[in-house]
Amino acid sequence: MKYIDEYRTAELAQRYTQAIDRITTRPWTIMEICGGQTHTIVKFGIDQLLPRSITLIHGPGCPVCVTSAELIDQACAIAALPDVIFCSFGDMLRVPGSQYDLLTVKALGGDVRIVYSPLDALNLAQANPDRQVVFFAVGFETTAPATAIAVHQAKQQNVQNFSLLVAHVLVPPALELLLSSPEHNINGLLAAGHVCTVMGYKDYEPIAQKYHIPIVVTGFEPADILQGVYLCVQQLEAGQTRVENQYARAVQRSGNQIAQQLMRDVFTVVPRDWRGIGTIAQSGLGLRDQYAEFDASLRFQVSAQTSQSEQSDCISGLILQGIRKPQECAAFGTRCTPEHPLGAPMVSSEGACAAYYYARRML
């Protein structure tokens, strides 16, 4: 397949691995931010190809995983209401709240449907004018423009039975929180290429300068990851701390300015509670006042009783912060599986625990 197979060749991987080995003189710990990158690393064994002195750790780059139990509980309460069609991406259905998940609500009779786009949910609202249609808007900056388009169209077309439960989160504030901790051991970062396709990487430059850390915008294929690691190690060995763009075939420094303007028109920046991490200031998106009529949390005002974010033996918070790895959890692959997850990282297609479960549990 053109432009896919080219980035998965053994010869190219070997070249980059050897190049990394040649320039590495001391131990380095590099965090990849995106869960999609984590799955590539684990599936293709990239971390096992690298010199032993290079350690890859996994960051909080899974929006499903960091969606708080309180929001899941709120989603379940809304989905259980009569005359509501609750729409969500598929990997949100198994994410546990404090009591149950959306799949349980569906089994109990709630009209919970999987969609592939917020525009699918808008179309459902137009086709079912006697029902309230709610879309669970989850994701980083990558998916926020599509949500903005949907609610913008709903307002233009006066679709009054459509609303959003907004759970969008932003990457830079999470990085600031991780890097400001005196306990972090991160030497370099691989930034998520798809987020930067939308937002560019200007916002990462002051972070690299403030925390004296190289940040490499990186794609998702094996060759992308290896080249990203090479560029990051090259900077670390030279004592450099700048933002570098490995994913130049998709990312520009200023990003997609049309998408950014649409996001600014529809959303405002708000605090957001990150599952396993806590509340991070200015790290989420909420609807602006002129779109408040489409805010499901205001429209339904359900009360969700949230007792805890995760079960007590789940260490997903430590995994999301790169402090621990999935196989270090005592419940991994035994009490916690994709069919019976204790925490969100075992559910999501971008979750680190799911990546290790499918690729490494027998090792």
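Partly exposed describes a residue whose relative accessible area lies between the buried range, under 20%, and the exposed range, over 50%. The close-up views below are all taken from a predicted model.

**View 1. A salt bridge between E205 and R253 links distant parts of the chain.** The side chains of E205 and R253 meet here, with 2.9 Å from N to O. E205 belongs to helix 11, which covers residues 205–211, while R253 sits in the loop between strand 9 (243–245) and helix 13 (257–266), so that the two partners are 48 residues apart in the chain. Because its relative accessibility is 21%, E205 counts as partly exposed, and R253, at 41%, counts as partly exposed as well.

**View 2. The disulfide of C62 and C65.** A disulfide is a covalent bond between the sulfur atoms of two cysteines. In this view the bond joins C62 to C65, with an S to S distance of 2.4 Å, and a search of the whole structure finds one such link. The angle about the S-S bond is 70 degrees, and the link is right-handed. C62 counts as buried because its relative accessibility is 3%, and C65 is likewise buried, with a relative accessible area of 0%.

**View 3. C232 and C329, two cysteines whose sulfur atoms lie too far from another cysteine sulfur for a bond.** For C232, the closest cysteine sulfur belongs to C196 and is 14 Å away, which is why no bond is possible between them. For C329, the closest cysteine sulfur is that of C314, and the distance of 6.0 Å is again too far for a bond. C232 counts as buried, at 0% relative accessibility, and C329 is also buried, with a relative accessible area of 13%.

**View 4. The salt bridge of R94 with D101.** The closest N and O atoms of R94 and D101 are 3.8 Å apart. The two partners fall into separate classes of accessibility, because R94, at 24%, counts as partly exposed, whereas D101, at 12%, counts as buried.

**View 5. The salt bridge of E328 and R324.** In this pair the side chains meet with 3.2 Å from N to O. E328 counts as partly exposed because its relative accessibility is 40%, and R324 is also partly exposed, at 29%.

**View 6. A network of salt bridges.** Here D111, R113 and R131 are linked with one another through a network of salt bridges. The structure as a whole holds 11 salt bridges.

Notes. Residues are numbered from 1 along each chain as its sequence is written. This is a predicted model: local features need pLDDT of at least 70, side-chain atom pairs count only at pLDDT 80 or more; totals for chains, interfaces and linings use all residues. Side-chain values use heavy atoms; hydrogens and water are left out. A disulfide is a pair of cysteine sulfur atoms within 2.5 Å. Buried means under 20% relative accessible area, exposed over 50%, partly exposed in between (1.4 Å probe, protein chains only). A salt bridge is a side-chain nitrogen of Lys or Arg within 4 Å of a carboxyl oxygen of Asp or Glu. Helices (H or I, at least four residues) and strands (E, at least two) are DSSP runs, numbered from the N terminus.
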